[in-house]
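Grab a pencil and work through these short exercises. Try each one yourself before you read its solution.

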Amino acid sequence: MDIRTVQTETFSMEYVRFGHGPRTLAIFPGLAVQSVLASADAVAAAYRAFAAEFTVWLFDPVKEIPPAYDVRGMARDAAAAFRALGLAEACVFGASQGGMLAMLLAATHPELVGKLLLASTTAHVTAERGREIERWGALARANRPGELFRAFAEAVYPSGVAATLRDAFAQAAETVGERDLARFAALAGTLRGFDARTELAKIACPALVVGSRDDRVFGERAAAEVAAAIPGAELFLYDGCGHAVYDTAGDFAGRMLSFFRRA
């Protein structure tokens, strides 16, 4: 699948596009050691049920991370990318860090977001909720990719799933370079001090918030807090799926498609 670039006056952002439907679905993934665009074929396969109804846009963060960048900057850049690409009234799915971006996008640019699905995210990164992310950033800055991948997997996936992925993550760690680690550390830093609680009441589009009761990154309460703050939002909590519920819950894509199909 071809990786494309949207260029504005201030940044360039890579994305892939798949599906051929008349509706727009934009996906903003969570923090990752390596770009999710490298696994775009797997993402397209996971969301193949969307292909007839949606054209799906999977976005990476900006190519060059500016100094003092934060999630608000990411949301501003996402809005600029939407406008450059001619996207509006999109169904938007944001996971974890991508969910933080997506909630701000919906709150500050309502014309761009028609429906919103947030998974495994939080509206407020407290010291407790940021502890794992700070640990990952420290390992990246110390150039310890093997430990970073292990810590990431153990926090994000249920223990049984993390065990099955151990060898794959060890192999992936061998392919990570210093540039990857520096970029990851910079993106991890964007979450520090994040607080969008005052903006959530401005979200006017239909919203679904999904989490798992055993989320070891942000905790069970984070998803419920987000849903309670968005007018009319729905909340669904899984059991035993971990932070990466969007990967581990077998019916997640189907639940997502059902929500976006609703009138």
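**Exercise 1.** In which loop does S96 lie? Work out its setting, keeping in mind that this is a predicted model.

*Solution.*
- Step 1: Look at the neighbouring elements. S96 sits in the loop between β5 (90-95) and α3.
- Step 2: Check the backbone. S96 isn't a glycine, yet its phi is positive, near 55 degrees.
- Step 3: Check the surface. S96 has 8% relative accessibility, so it counts as buried, the cut-off being under 20%.

**Exercise 2.** Find where N143 lies, then say whether it is buried or partly exposed.

*Solution.*
- Step 1: N143 belongs to the loop between α4 (131-141) and α5 (145-156).
- Step 2: Here's another non-glycine with a positive phi, about 60 degrees for N143.
- Step 3: The relative accessible area of N143 is 42%, so it's partly exposed.

**Exercise 3.** Which backbone oxygen does the side chain of T108 reach?

*Solution.*
- Step 1: Place T108 in helix α3, which covers residues 97-108.
- Step 2: From there, the T108 side chain gets to the backbone oxygen of L104, at 2.6 Å.
- Step 3: T108 is partly exposed, at 45% relative accessible area.

**Exercise 4.** Why is there no bond between the sulfurs of C91 and C205?

*Solution.*
- Step 1: Recall that a disulfide is a covalent bond between the sulfur atoms of two cysteines.
- Step 2: The cysteine sulfur closest to that of C91 is in C205, 9.2 Å away, so they're too far apart for a bond. The cut-off is 2.5 Å.
- Step 3: Searching the whole structure turns up zero disulfides.
- Step 4: Both cysteines are buried, C91 at 3% and C205 at 11% relative accessibility.

Technical notes: Residues numbered from 1 in each chain as written. Predicted model: local features only at pLDDT ≥ 70, side-chain atom pairs only at ≥ 80, totals over all residues. Heavy atoms only, no water. Helix = DSSP H or I, 4+ residues; strand = E, 2+ residues; numbered from the N terminus. Buried < 20%, exposed > 50% of the residue type's maximum accessible area, 1.4 Å probe, protein only. Polar contact = N/O pair within 3.5 Å; in protein donor to acceptor, adjacent residues only side chain to side chain.
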